[in-house]
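Visitor: I am new to this structure and would like a careful, close look at one part of it. Please explain the terms as you go.

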Amino acid sequence: MAAGCIWSAHQTTANHIARTFTERQQQVKELLQHSQSLIHLTTDTWHSPNFKELQAITAHFVDASNTCQKALLS
């Protein structure tokens, strides 16, 4: 059953990530605009086995329902 769910090309994964990012970008902007707290940013850097450097930027905040949230920005 899982064989039908596995992508066969690396580009398929890249396309999916780019499409999902674009779709969620406006939602994340609205969440951050309506934050009930200051927005705290964290970064994480690492390198892959093929020596590519990667970095993540994450926002941490309290949303309108007073729940701690985090959002991957980049």
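Visitor: At which residue does H1 bend, and by about how many degrees?

Guide: H1 bends by about 40 degrees at Arg24, the bend being the angle between axes fitted to the seven residues ending there and the seven starting there. This is a predicted model, in which local features need pLDDT of at least 70 and side-chain atom pairs count only at pLDDT 80 or more, while totals for chains, interfaces and linings use all residues. Residues are numbered from 1 along each chain as its sequence is written, and side-chain values use heavy atoms, with hydrogens and water left out.

Helices (H or I, at least four residues) and strands (E, at least two) are DSSP runs numbered from the N terminus. Helix H1 covers residues 10-33, and because its 24 residues at 1.5 Å a residue should span 34 Å, the 34 Å between its end C-alpha atoms agrees with expectation; the expected span is 1.5 Å times one less than the number of residues.

Arg24 also leads to Asp63, for which it is the nearest side chain of opposite charge, 10 Å away; in this count Lys and Arg are positive and Asp and Glu negative, with His and the chain ends not counted. Asp63 is buried yet has no salt bridge, where buried means under 20% relative accessible area, exposed over 50% and partly exposed in between (1.4 Å probe, protein chains only), and a salt bridge is a side-chain nitrogen of Lys or Arg within 4 Å of a carboxyl oxygen of Asp or Glu.

Asp63 lies in the loop between strand E2 (53-62) and strand E3 (68-72). Its side chain makes a polar contact of 3.0 Å with the side chain of Ser65, and a polar atom of that Asp63 side chain lies 2.9 Å from the backbone nitrogen of Thr67. A polar contact is a pair of N or O atoms within 3.5 Å; within protein, one must be able to donate a hydrogen and the other to accept it, and residues adjacent in sequence count only if both atoms are side-chain atoms. Leaving aside neighbours within four places in sequence, Asp63 is in contact (heavy atoms within 4.5 Å) with Gln36 and Gln69.

The loop between E2 and E3 also holds Asn66, a residue other than glycine whose phi is positive, near 60 degrees. Asn66 counts as exposed because its relative accessibility is 62%, whereas Asp63 is buried.
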